[in-house]
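Subject: Structure for you to look at, with notes

Dear colleague,

I am passing on the structure we spoke of, together with some notes on it. Please open it beside this message as you read.

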Amino acid sequence: MSSPHVPSVTIGVSLKMYFGHHQTLNWCRRIAAIAERHPAVTGGLVETFVLPSFPALVPAAGLLAGTGVRVGAQDLSAEEPGAFTGEVSGAQLREIGCGYAEVGHAERRRLFHEDETVVAAKTAAALRHGLTPVLCVGEPERADAGRAAERCAAEVESALAAAGRAGVLGPVIVAYEPQWAIGAPEPASPEHIRAVCTALSTRLAERAELAGSRVVYGGSAGPGLLTRLGPEVGGLFLGRFAHDPGAFEAILDEAAALHGTTVAGVA
Ligand SMILES: O=C[C@H](O)COP(=O)(O)O
């Protein structure tokens, strides 16, 4: 039996709470048009996903259907369906076509006081419902790459603990987002990003139940970064610098340039 095709690069976008509803859908239409004709997507080189806000998930999934771009949620409840006013269950997210659920973003940890226990419970909930967790980790202040990698590895371990106990571990996307680089003018340096992402990838590769996991970088990422990172980093998790759909296309071009020889039709 042949092993499933694993894309070389993962490019995700979180729209956070920046856009209104119609703006979100217009952005999705433009992303759909780009993805439908871009050889990095049509050739299966790049895994792409977008995380709009909850009310846009259903129409966004419709607009992006068949384009190779999947949708996911920026959050999910740790609980199973029941009396949890205001929450959205993993079961419902899966039902409406989500493939991903973001967990542990620095903004949720800081502004909504989501601690390691909550992050682990949400990670387990995502995996229980067949959603790939986009698990965000990152050091709060500038630190050398070794210390940053240790802290992030501990965050990953902690986040996976509840899923491990429940026997639902599976592939995850770890988004390495140094907190000091989120919402900043520039990303962390390519050397720092490579060192931390490589250390995290090595740790993930030690656990068979996490096979297929990937490590991407987020934090003021935009066009021009992927090619400076090189093939050791699994991709990007974008925020503000993907608001221009042209920037998303430029990053797909870079992915093709970096990994293009592995897929037919991509120069
Ligand atoms: O979710 C995305 C990250 O937090 C990065 O956001 P940013 O690129 O706007 O800094």
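The notes below go through the strands, the core, the ligand shell and a few single residues.

Please keep in mind throughout that this is a predicted model.

I begin with strand β2, which spans residues 46–51 and is mostly covered, six of its six residues being buried. In a regular strand, side chains alternate between the two faces of the sheet. In β2, Val46, Thr48 and Val50 point one way while Glu47, Phe49 and Leu51 point the other way, and all of them are buried. On one hand β2 pairs with strand β1 (residues 9–14) in the parallel sense over six bridges, and within that pairing Val9 stands opposite Val46. On the other hand β2 pairs with strand β3 (residues 69–73), again in the parallel sense, over three bridges, with Val71 of β3 as the bridge partner of Val50. Together with helix α3 (residues 57–64), β2 and β3 make up a right-handed β-α-β unit.

Strand β1 also pairs with strand β8, and here four bridges join the two strands, which run parallel; Thr10 stands opposite Gly235 in β8. Strand β8 covers residues 235–238, with Gly235 and Phe237 pointing one way, Leu236 and Leu238 pointing the other way, and all four buried. A further parallel pairing, over two bridges, links β8 to strand β7 (residues 214–218), and in it Tyr217 stands opposite Leu236.

Within β3 I would draw your attention to Ala73, which lies in that strand and counts as buried because 26 other C-beta atoms lie within 10 Å, where 20 or more are needed. If neighbours within four places in sequence are left aside, Ala73 is in contact with Leu51, Phe54, Leu57, Val88, Leu93, Cys98, Ala101 and Glu102. One of these contacts, Leu51, belongs to the set of β2 residues that point the same way as Glu47 and Phe49. Ala73 and Gly90 are 17 residues apart in sequence, and their C-alpha atoms are 9.3 Å apart in space.

Turning to the interior, nonpolar side chains tend to be buried together in soluble globular proteins. The largest nonpolar core of this model has 83 residues, of which Leu135 and Val174 touch the most other members. The largest share of this core, eight residues, comes from helix α7 (residues 145–166). Not counting residues up to four places away in sequence, Val174 touches Leu135, Val137, Val156, Leu200, Leu204, Ser213 and Val215. Leu135 and Val137 appear again among the contacts of Gly104, which, with the sequence neighbours up to four places away left out, touches Arg109, Val119, Leu135, Cys136, Val137 and Ala159. Gly104 itself is in the loop between β4 (100–103) and α5 (106–111), and it is buried because 27 other C-beta atoms lie within 10 Å. The C-alpha atoms of Gly104 and Val215, which are 111 residues apart along the chain, are separated by 15 Å.

Helix α7 also contains Ala166, but this residue counts as partly exposed, because it has 13 C-beta neighbours inside 10 Å. The C-alpha atom of Ala166 is separated by 8.8 Å from that of Arg128, 38 residues apart along the chain.

Which residues come nearest to the ligand? Of the 13 residues around the ligand, these are Ser14, Gly218, Ser220, Gly239 and Arg240. Taken by class, the shell has five nonpolar, six polar and two charged residues.

Ser220 deserves a separate look at its backbone, since its phi is near 60°, a positive value in a residue other than glycine. Ser220 is found in the loop between β7 and α9 (225–229), and it is buried because 21 other C-beta atoms lie within 10 Å. A second case is Lys16, which has a positive phi of about 45° although it is not a glycine. Lys16 lies in the loop between β1 and α1 (21–37), and with 16 C-beta neighbours inside 10 Å it counts as partly exposed.

With best wishes

Note on methods
Residues numbered from 1 in each chain as written. Predicted model: local features only at pLDDT ≥ 70, side-chain atom pairs only at ≥ 80, totals over all residues. Near = placed C-beta within 6 Å. Nonpolar A, V, L, I, M, F, W, Y, C, P; charged D, E, K, R; others polar. Core = buried A, V, L, I, M, F, W, Y, C linked by C-beta atoms within 7 Å. Buried ≥ 20, exposed ≤ 12 C-beta atoms within 10 Å, placed from the backbone. Contact = placed C-beta atoms within 7 Å. Pairing = 2+ DSSP bridges. Right-handed = clockwise from strand over helix to strand, strands pointing away.
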